[in-house]
Amino acid sequence: MILTGTKITEEVLNGSICLDPFEVSLVNPNSYNYRLGEELIEITYDVDDMKALPTQNKLTIPDDGYVLQPNKLYLGVTYETIGSTKYVPSLIGRSSLGRLGLFLQITADLGHIGTCHKWTLELTVVQPLRVYPRMRIGQVSFWVTEGLELLNGHEYKKEVNSYAKYSEPTHSQMEKLLG
Amino acid sequence: MILTGPKIHEEVLNGNITIDPFDPVQLNPNSYDFRLGSKLKVYKNLELDTKNENETETIELTESGIILYPNKLYLGHTVERIGSEKYVPIIRGKSSTGRLGLFVHITADLIDIGYIGRFTLMLHAVQPLRVLPGMRIGQVTFWKVFGDIKLYEGKYQGSMEPAASQVYKDFKLKD
């Protein structure tokens, strides 16, 4: 089951959902609009060495915007701290941005229960597109689980391959999964 | 929880789901196939701006369809008017579409509860691909909700053709 906007608001007030800062005007019928943080990384991975650090061009999106170019990957970050100890978050873009050809995530919309941080966004565009800091760019929905009690405090193994400790755009750490 | 095909059918008959026109042939075990409408919109400029209105031009599809090219965004629409005041729709392409490298939506698969209209499709091809009007291009699923329902009253409500982005209105709100 997916939470309605009314339920999302209730659970933010109850502390079961973390959306910080929270504004009622950003609540949708069944999701919450998040905003684009100012930090952006233009990123290039080393094709020959998955363990090598990627080349990162870090920039701050100026108030008059920044034009994203096609065939490139940018890592951004949500302005808000987002998470839940009770529901599964799913994070995507708004249809208003999809209508302009902007991807906000690539293949992985699913969050982990128990994490609460600023999410890294994977931005790529079909056509060049100017974006602005703090614009309402995406949406997060929350889903009811079965078996929550079985997690028993082991919500998310924070010490292992965890992106949850980061609140800035964070590059892939696939090398930790390579064994 | 996601509705099965027979449940979708039942809820269409009960009036809790709108799919119009509805044809049981397009029902899947847990989704309903929608078809590509005959009108596309493309942006006139290559470079787009979220803060300003981006002008579009309309393409009317003939029987022979159109070849979609990579690096260009095409806004399409479903033949069907779809929506629900009880369930949340989520859309995606058919796997037959994905196997051709065609995105049917970009980033936003989630539809607001209470939206009823033709869906705007964000068509993006990885390799050049011909699409035909009326083809079964995507599928819609329906999901149960938890909590009190407040219906969608947004700017895209009741669309009958591809609706270009109105995100620029957000910036006007703030100014």
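This report covers chain A, one strand pair of chain B, and the contact between the two chains in a predicted model.

## Chain A overall

Chain A holds 3 helices and 14 strands. Its radius of gyration is 17 Å, close to the 16 Å that the globule rule gives for 179 residues, so chain A is as compact as a globular protein of that length. The C-alpha trace spans about 45 × 40 × 20 Å along its principal axes.

Of the 179 residues in chain A, 41% are buried. Sequence-distant contacts are counted as well. Taking contacts in chain A between residues at least 6 apart in sequence, 75% join residues at least 24 apart.

## Helix H1 of chain A

Helix H1 of chain A covers residues 5-14. Its buried residues are Gly5(A), Lys7(A), Ile8(A), Thr9(A) and Glu11(A). Their cover includes strands from both chains. From chain A come S1, S2, strand S3 (32-35) and strand S14 (136-143). From chain B comes S13.

Gly15(A) sits just after H1(A). Its phi is positive, about 85°.

## An open sheet within chain A

Three strands of chain A form an open sheet in the order S2-S8-S11. The pairing is antiparallel. Strand S2 (17-20) and strand S11 (116-117) are the edge strands, each pairing on one side only.

Strand S8 (residues 81-84) of chain A meets S11(A) over 2 bridges, in the antiparallel sense. Within that pair, Gly83(A) has Cys116(A) as its bridge partner.

## A sheet across both chains

A further open sheet draws on both chains. Its 3 strands have the order S6(A)-S13(A)-S4(B), and the pairing is mixed. The edges are strand S6 (66-68) of chain A and S4 of chain B; each pairs on one side only.

Strand S13 of chain A spans residues 129-131. S6(A) and S13(A) run antiparallel and are joined by 3 bridges. The bridge partner of Val67(A) in S13(A) is Arg130(A).

## Where the chains touch

In the contact between chains, 40 residues of chain B meet 40 residues of chain A. On the chain B side, strand S4 (48-49), strand S10 (116-125) and strand S13 (145-146) each supply at least two residues. S10(B) gives the largest share, 3 residues. By class, the chain B side has 20 nonpolar, 10 polar and 10 charged residues.

Strand pairing also links the chains. Strand S1 (residues 2-3) of chain A pairs with S13(B) in the parallel sense, over 2 bridges. Leu3(A) has Phe146(B) as its bridge partner there. S13 of chain B thus appears in several settings: it supplies residues to the side that touches chain A, it pairs with S1 of chain A, and it is among the elements that cover the buried residues of H1(A).

## Strand S1 of chain B

Strand S1 of chain B runs over residues 17-20 and has two faces. Ile17(B) and Ile19(B) make up the covered face. Thr18(B) and Asp20(B) make up the uncovered face.

The partner of S1(B) is strand S7 (residues 74-84) of chain B. The two run antiparallel, joined by 4 bridges. Ile19(B), on the covered face, stands opposite Ile82(B) in S7(B).

Methods
Residues numbered from 1 in each chain as written. Chains lettered and ligands numbered in written order. Predicted model: local features only at pLDDT ≥ 70, side-chain atom pairs only at ≥ 80, totals over all residues. Buried ≥ 20, exposed ≤ 12 C-beta atoms within 10 Å, placed from the backbone. Pairing = 2+ DSSP bridges. Contact = placed C-beta atoms within 7 Å. Nonpolar A, V, L, I, M, F, W, Y, C, P; charged D, E, K, R; others polar. Rg over C-alpha atoms; globule rule 2.2 N^0.38 Å.
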